[in-house]
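Hi everyone, thanks for coming. Please have a look at the sequence and the structure on the screen, and then we'll walk through a few places together.

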Amino acid sequence: MKRFWKAVSVVAEDGGRAVQLDGRPLRTPARAPLVVPTEALAEAIADEWRSAGEDIDPRAMPLTGLANAAIDRVAPARGEFAAGLARYAEADLACYRSDWPPDLVERQQQAWDSLLAWGRRRYDVDFSTTSGLMPVPQPQATVEVLSHTVAALDPFRLAGLSPLVTIGGSLLAALAVIEKAMAPDEAWKKVSVDERWQLDQWGADPEAKAALENKRRDFMAAARFLELLD
């Protein structure tokens, strides 16, 4: 898509803030007006459109993409979307450990033991861990509490939570970010332990390094989206 507008503005609308291009509403792919809950998020989305070049690159507009997802995908099926994310409570990354080599075992312990400890304190639940290949069932109370926590989120927070969970593989780390119990950069370091260890072992393979950086970029963009909702 080519750039077709000159001015980008933010206006009050329907209890939120709408982004306009040359005075006309910016719309989602499903043609709904792009109206977001906070002025901070609206201004950040507007800045993405102000900074766009002549050829529009959606990858340079992550906040717009997440807002589109909240409106077009999450809001019409909020319960189903939340349930899909809540399933990560049954197989959180932090519960699946390596038993070799010792260096990786230690790195996982340092990163994930504190995450599980936070989850136990915050939600008054317990977690089962394993170093085997077979899935380990989590206590039913744990699954229910975390599922209820996710189900209580609004469509915009669910849209922001989704990349944190799916990229990192840890619902606990994502919840720690959304509850401001953990800085996004700290959460990223925890969920990327295995991949960073692989790079340390085998050297900085350009493709693997680029893939990891792309995941980090998307993870941090989702964290910023959530921050702008407050």
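I'll talk about a pair of helices, then the nonpolar core, and finally one arginine. Keep in mind that this is a predicted model.

Let's start with the helices. Two packed helices are described by the angle between their axes and the distance between the axes. Here, helix α1 covers residues 39–50 and helix α2 covers residues 62–74; their axes are 8 Å apart and meet at an angle of about 125 degrees. Because of that angle, α1 is oblique to α2. Their crossing is left-handed. Which residues of α1 and α2 meet? From α1 we have Ala44, Ile45, Glu48 and Trp49, and from α2 we have Pro62, Leu63, Thr64 and Ala67. In this contact, six residues are nonpolar, one is polar and one is charged.

You've just met Ile45 in α1, and here it comes again. The largest nonpolar core has 70 residues, and Ile45 is among those with the most contacts inside it, together with Val150, Phe156, Leu161 and Leu175. Helix α7, residues 171–178, gives the most to this core, with eight residues. Take Val150: leaving aside its neighbours within four places in sequence, its contacts include Leu161 and Leu175, and also Ala82 and Leu85.

Now for the arginine. Arg17 sits in strand β2, residues 16–21. Is Arg17 buried, exposed or partly exposed? Its relative accessibility is 27%, so Arg17 counts as partly exposed. Beyond its neighbours within four places in sequence, Arg17 touches, among others, Val11, Val35, Glu39 and Ala42. Arg217, 200 residues away from Arg17 in sequence, is 26 Å from Arg17, C-alpha to C-alpha.

Thanks for listening!

Definitions and conventions:
Residues are numbered from 1 along each chain as its sequence is written. This is a predicted model: local features need pLDDT of at least 70, side-chain atom pairs count only at pLDDT 80 or more; totals for chains, interfaces and linings use all residues. Side-chain values use heavy atoms; hydrogens and water are left out. Axes are lines fitted to C-alpha atoms, for helices over the stretch in contact, and angles run from 0 to 180 degrees between N-to-C directions. Helices (H or I, at least four residues) and strands (E, at least two) are DSSP runs, numbered from the N terminus. Angles under 35 degrees count as roughly parallel, over 145 as roughly antiparallel, 65 to 115 as roughly perpendicular and the rest as oblique. A crossing is left-handed if the near helix is turned anticlockwise from the far one by less than a right angle, and right-handed if clockwise. Contact means heavy atoms within 4.5 Å. Ala, Val, Leu, Ile, Met, Phe, Trp, Tyr, Cys and Pro count as nonpolar, Asp, Glu, Lys and Arg as charged, and the others, Gly among them, as polar. Buried means under 20% relative accessible area, exposed over 50%, partly exposed in between (1.4 Å probe, protein chains only). A nonpolar core is a set of buried Ala, Val, Leu, Ile, Met, Phe, Trp, Tyr and Cys residues joined through side-chain atoms within 4.5 Å.
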